[in-house]
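Here's a quick briefing on where the charged side chains sit and who they pair up with. Have the structure open while you read.

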Amino acid sequence: MTVLYEPRPDAARGLAALLGGALWAGDAVRAAATADEVAARLAADPREPLIVAGPGAPAADALRIAAELRTARPWTGVVLLCADADADLLRDALRAGIREIADPRDPAGVRDACTRALEVARHLAPPAVPVGDTAPAGDGKIVTVVGTKGGCGRTTLATNLAVTLAAGGGRGVLIVDLDVQMGDVAVALQLHPERGIGDAVTMADRLDETGLRSLLTHARPGLDALLAPVRPTDGEHVGGALAGEVLRLARGMFDHVVVDTPAHFSDPLLAALEITDHTLLMAAPDVLTLKNTRVALETLDLLGHPAGRRTVVLNRSGSPVGLTMDDVEHILRVPIGAHIPSSADVPASLNKGVPLTAAQPRHAVSRAISDLAVRHLNAVPAPAASGRGRRRGLRRKEGS
């Protein structure tokens, strides 16, 4: 990603076209018209490598931003575009830590300056941090539920887990349905949305908290939902860049963001995996699902997804289907990290549109999901209070 700070719309469009050319293939250019918008972009993406201050941006703003980043996040460079940089400006830029100054009338020079700045950023960027520390302090955790076969229980786990995590209070939980063609979260939670993630397309590259909240559907206390497009054809326009933008913004607004996904490695799913804090990979005790789960594990390995940031969850564990636990782990070649028992109450709860963790929090399935959250997502039991109607829930572990 590159942040372009240029208050003048015409100049911003021209520079975005220049910076978004082949040299930045795969990198998006996000415009900011004010210094406050630049700060919001930086807060949304802690690994942002480059800020380009256009000729319409006050030089004093660029110097201040560079000086603040110099110690706070030195991997983020600032390139200042200025047609007539005098000796005083050059001196001040050097002191502030401006990485490059280029003449906006020289497109090749601008691109060369940005290339050099990006190269420095790549060398200075911090390495990937372990699970539990992938998001900046104070930000929420993104949990992505993956299952590469229909009927494996992906949406059931995502909705029940979201309800479980929401019981802890705090800033609440958001469930995001990234199955943009055939998403079922609305049905599972008995919601009737007027808007969904498809409506974020027109806000791409400039989505803010107010805009995102306008797209949410309230599900229950402490839980909101960003649902699949109301019109399935709108899903064609929801790509990886938009999914990443939505999730980064949501991370700063909620304690947990639970992501439900399609049964294939779509662009939105790949974008979610890049920034997720923990992935729950669904399996079930039948050979077809286990085969698909094994392929999914191999795909995650090929994508460089850290094994320490994922847990294999066996749904319908204990079903009398002729497969032992040794058989399951032999097929998957990895240990099972969590078990969700088989119960006829699960499909019954889906038919009612009320997650089992909400209707029967002491049910064996509900307890298994609560245990998963405690052991693998750094959630701890919320303190119980006296009085009737008291809820028991989960909250985030302090400092996680």
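What follows covers salt bridges, then a charged residue without one, then a helix and its packing.

Keep in mind that this is a predicted model. Searching the whole structure turns up 16 salt bridges, and a handful of them are picked out below.

**Salt bridges within a helix**

- Start with helix α1, residues 9-19, which holds both Asp-10 and Arg-13. They sit 3 residues apart, or about one turn of the helix.
- The side chains of Asp-10 and Arg-13 form a salt bridge, at 2.2 Å from N to O. Both Asp-10 and Arg-13 are exposed.
- Over in helix α11 (residues 287-302), Arg-294 and Glu-298 are 4 residues apart, again about one turn of the helix. Their closest N and O atoms are 3.3 Å apart, and they make a salt bridge.
- How accessible is Glu-298? Its relative accessible area is 33%, so Glu-298 goes down as partly exposed.
- Arg-294 has a relative accessibility of 13%, and because buried means under 20%, Arg-294 counts as buried.
- Elsewhere, Asp-61, Arg-64 and Glu-68 are joined into one network by salt bridges that share partners.

**The Asp-103 and Arg-105 pair**

- Asp-103 and Arg-105 also meet through their side chains, in a salt bridge of 2.9 Å from N to O.
- Arg-105 comes out at 59% relative accessible area, and the exposed class starts over 50%, so Arg-105 is exposed.
- Asp-103 has a relative accessible area of 24%, which means Asp-103 is partly exposed.

**A buried Asp with no salt bridge**

- Now look at strand β9 (residues 223-226), where you'll find Asp-224.
- Which side chain of opposite charge is nearest to Asp-224? That's Arg-213, at 5.0 Å.
- A salt bridge needs the nitrogen and oxygen within 4 Å, so a gap of 5.0 Å between Asp-224 and Arg-213 doesn't qualify. Asp-224 is buried yet has no salt bridge.
- Leaving out residues up to four places away in sequence, Asp-224 touches Val-173, Leu-174, Ile-175, Leu-216, Thr-217, His-218, Ala-219 and Phe-254.

**Helix α10 and its packing**

- Helix α10 spans residues 267-275, and its buried residues include Pro-268, Leu-269, Ala-271, Ala-272, Leu-273 and Ile-275.
- What do the buried residues of α10 pack against? The strands are β6 (141-146), β10 (256-260) and β11 (278-283), and the helices are α9 (240-251) and α11.
- That brings us back to α11, the helix that carries the Glu-298 and Arg-294 pair.

Definitions and conventions. Residues numbered from 1 in each chain as written. Predicted model: local features only at pLDDT ≥ 70, side-chain atom pairs only at ≥ 80, totals over all residues. Heavy atoms only, no water. Helix = DSSP H or I, 4+ residues; strand = E, 2+ residues; numbered from the N terminus. Buried < 20%, exposed > 50% of the residue type's maximum accessible area, 1.4 Å probe, protein only. Lys, Arg positive; Asp, Glu negative; His and termini not counted. Contact = heavy atoms within 4.5 Å.
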